[in-house]
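Student: I have a model open and would like to talk through its strands and cores with you. Could we start as soon as it is on screen?

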Amino acid sequence: ITGEERLQRKGVSYSSVQDITLFKGLDVVVVGGGNSGVQTANDLYKLDCKVTLISQGKLTADKDDVDVLIRSGKIDILEDYEVFEIKGEDKVEEVIVQSRNSSEFKNIPCRGIFIQVGLLPNTEFCQSLVNLNERGEIIINPDCSTNVEGIFACGDITNCFGKRIVIASGEGAKAALSARKYLLNERR
């Protein structure tokens, strides 16, 4: 996106966990209609930010998170838009978005933009091995085990709640402990 690289760390952010408090009470744009985008928009709203959420299509985040977003009534949602340009001299001052259905442009004054576009889970390699849900995520049990004995999974490629790095890290530790326990039991 024009302006993105030049304004990194000057209002362009990719990590709501690290940067969110820097924008308390300010006008911000969140890009992404999946879990990361909607959760970030909800977190910013709780910090008294004026939030505009941009999604290239319909919102695809977990229904509960979308419901919280809509119930707030204070988050502007622009579906079927994409970011065209990020403007500002020494800091983010404005984001220009374009409708995907027309040639309409909108200018959104803001002090920050959180890019939370998310990714599809990279699970093609195991789709014939373990059970996946409708989103292509590996279905896991509370101990990170799958439907196949001896196979464990963790992180954003699973159906665990909350697509955040801290949660994925904890799930990784849990999967490692579960795999260790499984191997010790197998040895006996």
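Student: How many bridges join S6 to S7?

Tutor: Happy to help! This is a predicted model, where local features need pLDDT of at least 70, side-chain atom pairs count only at pLDDT 80 or more, and totals for chains, interfaces and linings use all residues. Residues are numbered from 1 along each chain as its sequence is written, and side-chain values use heavy atoms, with hydrogens and water left out. S6 and S7 run antiparallel, and the bridges that join them number five.

Student: In S7, which residue is the bridge partner of Val97?

Tutor: Helices (H or I, at least four residues) and strands (E, at least two) are DSSP runs numbered from the N terminus, and two strands pair if DSSP finds at least two bridges between them. In S7, the partner that bridges to Val97 is Lys106.

Student: What is the strand order of the open sheet with three strands?

Tutor: S5 (residues 81–87) and S6 (residues 94–99) pair in the antiparallel sense over six bridges, with Glu82 bridged to Gln98 in S6. The edge strands, each pairing on one side only, are S5 and S7 (105–109). The pairing in this open sheet is antiparallel, and its order is S5-S6-S7.

Student: What phi does Gly88 take in the hairpin of S5 and S6?

Tutor: This hairpin has six residues between the strands, and the phi of Gly88 is positive, near 155 degrees. Positive phi is also found at a residue other than glycine, Asp80, with a value near 65 degrees; Asp80 is placed in the loop between S4 (75–79) and S5. For Gly88, then, the answer is near 155 degrees.

Student: Is Arg9 buried or exposed?

Tutor: Arg9 is not a glycine, yet its phi is positive, about 65 degrees, and it is found in the segment before S1 (12–13). Buried means under 20% relative accessible area, exposed over 50%, and partly exposed in between (1.4 Å probe, protein chains only). Because its relative accessible area is 63%, Arg9 is exposed.

Student: Which element gives the most to the largest nonpolar core?

Tutor: A nonpolar core is a set of buried Ala, Val, Leu, Ile, Met, Phe, Trp, Tyr and Cys residues joined through side-chain atoms within 4.5 Å. The largest has 17 residues, and those with the most contacts inside it include Ala41, Leu53 and Leu69. Two or more residues come from each of S2 (27–31), H2 (35–46), S3 (50–55) and H3 (63–72). With three residues, the top contributor is H2.
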